[in-house]
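Me: I should like to go through the terms applied to this structure and see how each label is justified. Please set each value against its definition.

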Amino acid sequence: MDHVDHILAQWAIERPDLDVAPMGVIGRLSRAVARVQSQLDATFTRHGIDSGTFDVLATLTRQGAPYRITPAQLAEDAMVTSSAVAQRLNRLEALGLIRRLPHPEDRRGKLVELTSAGAELVDSVLPDHLATEEDLLSSLSAEERRTLASLLGRVGSTTG
C-alpha cells in the first residue's frame, strides 16, 4: 500500500458515493513527475545548467547540421511559450551557447544556431541525462516501458 492508496482509502470513507479511482492514476502520475524532475534537475545541476537550457540545446542538436531553427519552431519543438523561449535565448546567447542570425528568407526573422560551446555542453550532458532516465526506469521491463510510453502518449495527446 503506497501513499496514494492511503489517500484513496480516506476518500472512500469520507465520500463513498464518489468514484475516486482517477485520483489514483493522477496522484501517482504527479508523484512520478516530481521524482523524475528532481532527478533530472540534479543531473543538470551537476553540469551547471537547468532543464530549460538543456531543452533548447537538445532541440537545436536534434535538428542536425547546421543546428539552426527559428525561435517559433524552437518554441513548438521545446513545448514552451515564445516569451519563455525569448528569455532562454537571451541567457544562452550571453553565455555563448547559441547565436542569433538573420533569416536568409525573411528580413524580419531570425534563426537560432547552436555554437560549438553549446554543442560541447549538450554532448557532455546527454550521456548523464540518459543514465538518469535509465535509472528512473530501471524497475520496468522493456515491454512495460513500451506500454507505459504508449499509455502516456494517449493521456498526453491533444487529440484525445
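Me: Why is Glu113 called buried?

Reply: Glu113 has a relative accessibility of 7%. Buried means under 20% relative accessible area, exposed over 50%, and partly exposed in between, computed with a 1.4 Å probe on protein chains only; Glu113 therefore counts as buried. The residue belongs to strand β3 (residues 106-114), where helices (H or I, at least four residues) and strands (E, at least two) are DSSP runs numbered from the N terminus. This is a predicted model, in which local features need pLDDT of at least 70 and side-chain atom pairs count only at pLDDT 80 or more, while totals for chains, interfaces and linings use all residues. Residues are numbered from 1 along each chain as its sequence is written, and side-chain values use heavy atoms, with hydrogens and water left out.

Me: What makes the pairing of the side chains of Glu113 and Arg68 a polar contact?

Reply: The side chains of Glu113 and Arg68 are joined at 2.5 Å. A polar contact is a pair of N or O atoms within 3.5 Å; within protein, one must be able to donate a hydrogen and the other to accept it, and residues adjacent in sequence count only if both atoms are side-chain atoms. A second polar contact, also of 2.5 Å, links the side chains of Glu113 and Arg99. Beyond four places in sequence, Glu113 is in contact (heavy atoms within 4.5 Å) with residues including Leu60, Pro66 and Tyr67.

Me: What makes the peptide bond from Ala65 to Pro66 cis?

Reply: Its omega is near 10 degrees. Pro66 sits in the loop between α3 and β1 (68-69), and Tyr67 is found in that loop too. Tyr67 has a positive phi, near 60 degrees, although it is not glycine. Most residues other than glycine have a negative phi, and most peptide bonds are trans.

Me: Why is Tyr67 described as partly exposed?

Reply: Its relative accessible area is 32%. This value falls between the two limits already given, so Tyr67 is partly exposed.

Me: How do you know that the span of helix α3 agrees with its number of residues?

Reply: The expected span of a helix is 1.5 Å times one less than its number of residues. For the twelve residues of α3 (residues 51-62) this gives 16 Å, and the end C-alpha atoms are 16 Å apart, so the two values agree. At the N-terminal end, Asp50 caps α3, with a side-chain oxygen 3.2 Å from the backbone nitrogen of Gly52. After the helix comes Gly64, whose phi is positive, near 80 degrees. Among the buried residues of α3 are Phe54, Val56 and Leu57.

Me: Why does Asp17 count as exposed?

Reply: Asp17 has 53% relative accessibility, and exposed requires a value over the upper limit stated earlier, so the label applies. Asp17 lies in the loop between α1 (3-14) and α2. The side chains of Asp17 and Arg15 form a polar contact of 2.8 Å. Asp17 and Ser38 are 21 residues apart in sequence, and their C-alpha atoms are 36 Å apart in space.

Me: What makes Thr132 buried?

Reply: Thr132 has a relative accessible area of 10%, which is below the limit for buried, so the term fits. The residue is in helix α6 (residues 116-136). Leaving aside residues up to four places away in sequence, Thr132 touches Gln39, Leu40, Thr43 and Arg46.
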